[in-house]
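Please look over the structure shown below, which is a predicted model, and work through the questions that follow. Each answer sets out its reasoning before it ends on the value or name asked for.

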Amino acid sequence: MEKWLSEASDVRDDATVTTQILEFVHRHDAKSVVIGPGILGCPHEEGIDYPLGQACPKCPYWAGRPRPI
């Protein structure tokens with residue numbers, strides 16, 4: 001698993017990130033790729049960036065909403 005994050009821009013519009021993702025896909029010889037219909041949750045991880053069982057303090061929009069697994 002790999003993550004692509006940016007504090008400066010939206011990674012969905014970042015050509016460098018797009019190139020890195022394509023390289024990742026090719027490096028792992030992926031036969032297919034699935035892309036979600038939109039943003040699936042905040043980028044912060046429960047238990048890593050904030051305590052388990054609590055809402056992300058940086059993304060109040062997602063408080064009380066289910067996060068995809």
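Q: What share of the exposed area of the chain do carbon and sulfur atoms supply?
A: In this predicted model, the area that the chain exposes comes to about 6100 Å². Of that area, the part supplied by carbon and sulfur atoms is 58%.

Q: What percentage of the residues in the chain is buried?
A: A residue counts as buried when its relative accessible area is under 20%. Applied to the 69 residues of the chain, this cut-off gives a buried share of 13%.

Q: Is the chain more spread out or more compact than the globule rule gives?
A: The secondary structure of the chain consists of 1 helix and 0 strands. For 69 residues the globule rule gives 11 Å, whereas the radius of gyration of the chain is 14 Å, which is well over that value, so the chain is more spread out than a compact globule. Taken along the principal axes, the box that the C-alpha atoms fill is roughly 35 × 25 × 25 Å. Set against the globule rule, then, the chain is more spread out.

Q: Among contacts between residues at least 6 apart in sequence, what percentage joins residues at least 24 apart?
A: A contact here requires heavy atoms within 4.5 Å. When the contacts in the chain between residues at least 6 apart in sequence are taken as the whole, the part joining residues at least 24 apart is 17%.

Q: How far apart are the mean positions of the positive and negative charges of the chain?
A: The chain carries 7 positive and 10 negative charges. Averaging the positions of each set gives two points whose separation is 5 Å.

Q: Which residue forms a salt bridge with Glu-45, and how far apart in sequence are the parts that the pair ties together?
A: Side chains of opposite charge can pair when their charged atoms come close. The structure holds 4 salt bridges, and in one of them the closest N and O atoms of Glu-45 and Lys-3 are 1.7 Å apart. Because Glu-45 lies in the segment after α1 (15-27) and Lys-3 in the segment before α1, the pair ties together parts of the chain that are distant by 42 residues in sequence. Glu-45 is partly exposed at 24%, as is its partner, at 48%, Lys-3.

Q: Which residue meets Asp-10 in a salt bridge?
A: Asp-10 is partly exposed, with a relative accessibility of 32%. Its partner has a relative accessible area of 56% and is therefore exposed, the cut-off being over 50%. The two side chains meet at 2.6 Å, N to O, and the partner is Arg-12.

Q: What is the approximate phi of Asp-29?
A: Asp-29 is found in the segment after α1, and it forms a salt bridge with Lys-31, with the closest N and O atoms 3.0 Å apart. Lys-31 is exposed, its relative accessible area being 72%. Asp-29 is a residue other than glycine, yet its phi is positive, near 50 degrees.

Q: How far apart in space are Ile-48 and Val-11, C-alpha to C-alpha?
A: Ile-48 lies in the segment after α1 and counts as exposed at 64% relative accessibility. In sequence, Ile-48 and Val-11 are 37 residues apart, and in space their C-alpha atoms are separated by 21 Å.

Terms used: Residues numbered from 1 in each chain as written. Predicted model: local features only at pLDDT ≥ 70, side-chain atom pairs only at ≥ 80, totals over all residues. Heavy atoms only, no water. Helix = DSSP H or I, 4+ residues; strand = E, 2+ residues; numbered from the N terminus. Rg over C-alpha atoms; globule rule 2.2 N^0.38 Å. Buried < 20%, exposed > 50% of the residue type's maximum accessible area, 1.4 Å probe, protein only. Areas by Shrake-Rupley, 256 points an atom, 1.4 Å probe, with all protein chains shown as cover. Lys, Arg positive; Asp, Glu negative; His and termini not counted. Charge placed at Lys NZ, Arg CZ, Asp CG, Glu CD.
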